[in-house]
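Colleague: I would like a close look at a single part of this model. Please take one helix and walk me through its contacts and surroundings.

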Amino acid sequence: MAGRDGEGKRFVPGSRKYDRTVDDALRTMERLATWLDKAGEDNVWRQTEDPLQAAMLHGMLVHLQQQIDRLLLLGGDELEETVRALRTLATQERT
């Protein structure tokens with residue numbers, strides 16, 4: 001099913017090789033988070049019969065973890081303060 005990307009250009013979902021915007025990346029990460037939850041529930045390691053596939057998955061997860069940590073560090077103290085303030089505000093609104 002064709003659609004439009006953030007720039008109004010026509011595309012078929014899954015046809016892009018990379019995310020162009022933060023919104024695109026957030027959608028990808030939402031799908032990844034859903035997959036990770038399900039993989040944990042189902043214990044993906046028991047499903048992986050191919051040792052090469054298991055090694056590739058392990059390697060990619062370690063790589064993602066390192067890249068995420070590196071990207072979070074780039075945000076610095078200002079980002080940490082912003083996130084902390086937003087979480088505090090959200091908590092206060094719930095009570």
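Modeller: What follows is a close look at helix α1, with the rest of the chain as its setting.

This is a predicted model. The protein chain holds three helices and two strands. Along the sequence the order is β-β-α-α-α. Helix α1 spans residues 22–42.

Start with its geometry. The helix has 21 residues. From its first C-alpha to its last it reaches 30 Å, close to the 30 Å expected at 1.5 Å a residue. What happens to the backbone just after α1? Asn-43 takes a positive phi there, of about 50 degrees.

Now the charged pairs. A search of the whole structure returns three salt bridges. Two pairs to look at in α1 are Arg-27 with Asp-24 and Asp-42 with Lys-38.

Take Arg-27 and Asp-24. The closest N and O atoms of this salt bridge are 3.1 Å apart. The cut-off for such a pair is 4 Å. Why can these two residues meet? They sit three residues apart in helix α1, so about one helical turn separates them. An α-helix has 3.6 residues a turn, so residues three or four places apart point the same way. Side chains of opposite charge can then pair when their charged atoms come close.

How do the two partners stand towards the surface, buried or exposed? Asp-24 has 6% relative accessibility and counts as buried. The cut-off for buried is under 20%. Arg-27 is partly exposed, with a relative accessible area of 46%. This bridge therefore joins a buried acid, Asp-24, to a partly exposed base, Arg-27. For context, buried residues make up 7% of the 95 residues in the protein chain.

Next, Asp-42 and Lys-38. Their closest N and O atoms are 2.9 Å apart, and the pair forms a salt bridge. The spacing along α1 is four residues, so again about one helical turn lies between them. Asp-42 is partly exposed, at 29% relative accessibility. Lys-38 is partly exposed too, with a relative accessible area of 45%.

Helix α1 also carries nonpolar surface. Leu-26 is found in this helix. With Val-22 and Met-29, Leu-26 forms a nonpolar patch on the surface. Together the three have about 310 Å² of accessible area. Leu-26 itself counts as partly exposed, at 47% relative accessibility. For the protein chain as a whole, the accessible surface comes to about 8600 Å². Carbon and sulfur atoms account for 57% of that.

Last, a comparison point outside α1. Helix α3 covers residues 51–94. Arg-84 and Glu-81 both lie in α3, three residues apart, about one turn of the helix. They form a salt bridge as well, with the closest N and O atoms 2.9 Å apart. Arg-84 is partly exposed, with a relative accessible area of 44%. Glu-81 counts as partly exposed at 49% relative accessibility.

Helix α3 also holds His-58. His-58 is partly exposed, at 47% relative accessibility. Its C-alpha atom is 9.5 Å from that of Trp-45, and the two residues are 13 apart along the chain.

Back to α1, in brief. The helix has 21 residues over 30 Å. Asp-24 pairs with Arg-27, and Lys-38 pairs with Asp-42. Leu-26 belongs to the nonpolar patch. Asn-43, with its positive phi, comes just after the helix.

Note on methods:
Residues numbered from 1 in each chain as written. Predicted model: local features only at pLDDT ≥ 70, side-chain atom pairs only at ≥ 80, totals over all residues. Heavy atoms only, no water. Buried < 20%, exposed > 50% of the residue type's maximum accessible area, 1.4 Å probe, protein only. Areas by Shrake-Rupley, 256 points an atom, 1.4 Å probe, with all protein chains shown as cover. Expected span 1.5 Å × (residues − 1). Salt bridge = Lys/Arg side-chain N within 4 Å of Asp/Glu carboxyl O. Patch = residues over 30% accessible without salt bridge, like charges linked within 9 Å, V, L, I, M, F, W, Y side chains within 5 Å.
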